[in-house]
Amino acid sequence: MAGSVAWVTDVTPEDLVDPFGRTVRDLRISVTDRCNFRCAYCMPAEGMKWVPREDILTFEEIERFARVCVDRFGFDGIRLTGGEPLVRAHLPRLVERLAGLGVDVSLTTNGATLRRHAQDLADAGLARINISIDSLQRDRFLELTRRDELDNVLDGIDAAIDAGLAPVKLNVVMMRGINDDEAVDFATFGRERGVTVRFIEFMPLDATGEWTKATVVPAEEIVSAIEAVYPLVALTRGTEPAERFRFADGKGEVGVIASVTRPFCGDCDRVRITAEGSFRTCLFAIDEFDMLRHLRGGGSDDDLVDAISAAVGTKWAGHSIGQVNFIRPAKSMSQIGG
Ligand code: SAM
Ligand code: SF4
């Protein structure tokens, strides 16, 4: 592990259990709020307010926070996200540091520059990758992302496969009247390329405030559309958010993430830290817990342990999207780290 510190700990990890009995083991780290795309459902075309660069966690601070989660609480999975994580310079160096903690490190990316980075990421110890792609049609992709990058993303998917990252999963956010006619096309694409496609229900975390329940394509509808062409067999679900299905003819899998119509909050084992070091116990949390002040202000690892424990003590049973008591978080998906 070139350039990183070897940490030795003799502390036995203790389970981090929230008030509803769920053991937290999964950390999502946003490495930047910036992005090279402007997906219409995620960001406005112009005018996003970025976190000042000096307020963004350094790789050393991220590694330290992750190490506390792993060593003290037995976390076993870390996913890097953003904004677009690949716009952060030298990302493989962070992957190498985190893989050195002995946990499963994965990444969610829009894939636009993946051809350039896939092999370095794999060599650094990245285990798995999710690539977001919401249309296989060039004009529609351009309209959705405001970037004419479909070919680069498709090449990025191939680059991930070539680099040996496995599994490669594709994230597709389905939106009514926008791309809801592409479920079968994506299923066919996944079967042909040997990648798993996961359809995600549109959530009220857009920066533009255009989400309504009517824009959500229910997971059930997506599964029915695919099943009409390719018979599916449901697989047993673990703590992961995706409901998984295998193609009955053996040609791989698809999944749906029914965050809105069938929330999986009861199995949630996840927490997040934003690019500027704010800790969140739910995507939809209203409260954030400032870890930067411990990381940069001379706090000890025990201070971090206490702050994390206190925050997880506030984790709620689940979100209430679509109900009268639902409050939209002030931050949008890219500012939180999706
Ligand atoms: N830029 C990277 C990417 O697009 O993969 C990582 C960050 S992005 C915020 C993470 C994931 O969140 C993407 O798959 C994106 O499509 C999804 N996403 C963004 N806004 C969403 C929303 N309002 N509802 C559901 N998924 C959303
Ligand atoms: Fe960027 Fe990802 Fe948001 Fe698209 S979904 S604008 S790629 S952060």
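Colleague: In this predicted model, how many nonpolar, polar and charged residues does the shell around ligand 2 have?

Modeller: Start with the names. Cys35, Phe37, Cys39, Cys42, Gly83, Asn110 and Ser334 surround ligand 2. Cys and Phe count as nonpolar, while Gly is put with the polar residues. The shell of ligand 2 therefore splits into four nonpolar, three polar and no charged residues.

Colleague: And by class, what does the shell around ligand 1 have?

Modeller: Ligand 1 is surrounded by 18 residues. Among the closest are Tyr41, Glu84 and Met203. Tyr and Met count as nonpolar, and Glu as charged. The full shell of ligand 1 has six nonpolar, nine polar and three charged residues.

Colleague: Which residue has a polar side-chain atom 2.8 Å from an oxygen atom of ligand 1?

Modeller: Look at the polar contacts of ligand 1. Glu84 uses a polar side-chain atom, but its partner is a nitrogen atom of ligand 1, at 3.2 Å. Thr109 sits 3.2 Å from an oxygen atom of ligand 1, but through a polar backbone atom. The side chain that fits is that of Tyr41.

Colleague: How much of the accessible area of ligand 1 does the protein cover?

Modeller: On its own, ligand 1 has 540 Å² of accessible area. The protein's share of cover is 95%.

Colleague: Which elements give two or more residues to that shell around ligand 1?

Modeller: Thr109 offers a hint, with its backbone contact to ligand 1. Residues 104-109 form strand 3, which is one of these elements. The elements are strand 3 and strand 5 (168-174).

Colleague: Are helix 3 and helix 5 roughly parallel or roughly antiparallel?

Modeller: Helix 3 covers residues 114-124, and helix 5 covers residues 150-162. Their axes lie 8 Å apart, at an angle of about 15 degrees. Angles under 35 degrees count as roughly parallel. So the two helices are roughly parallel.

Colleague: Is the crossing of helix 3 and helix 5 left-handed or right-handed?

Modeller: These helices pack against each other at about 15 degrees. Their crossing is right-handed.

Colleague: Which peptide bond is cis?

Modeller: Most peptide bonds are trans. Here, look in the loop between helix 5 and strand 5, where Pro167 sits. Omega is near 0 degrees in the bond from Ala166 to Pro167.

Colleague: Which residue has a positive phi although it is not a glycine?

Modeller: Most residues other than glycine have a negative phi. Go to the loop between strand 2 (77-81) and helix 2 (91-99). There, with a phi of about 60 degrees, is His90.

Methods: Residues numbered from 1 in each chain as written. Chains lettered and ligands numbered in written order. Predicted model: local features only at pLDDT ≥ 70, side-chain atom pairs only at ≥ 80, totals over all residues. Heavy atoms only, no water. Near = heavy atom within 4 Å. Polar contact = N/O pair within 3.5 Å; in protein donor to acceptor, adjacent residues only side chain to side chain. Areas by Shrake-Rupley, 256 points an atom, 1.4 Å probe, with all protein chains shown as cover. Helix = DSSP H or I, 4+ residues; strand = E, 2+ residues; numbered from the N terminus. Axes fitted to C-alpha atoms, helices over the stretch in contact; angles between N-to-C directions. Parallel < 35°, antiparallel > 145°, perpendicular 65-115°, else oblique. Left-handed = near helix turned anticlockwise from the far one by under 90°.
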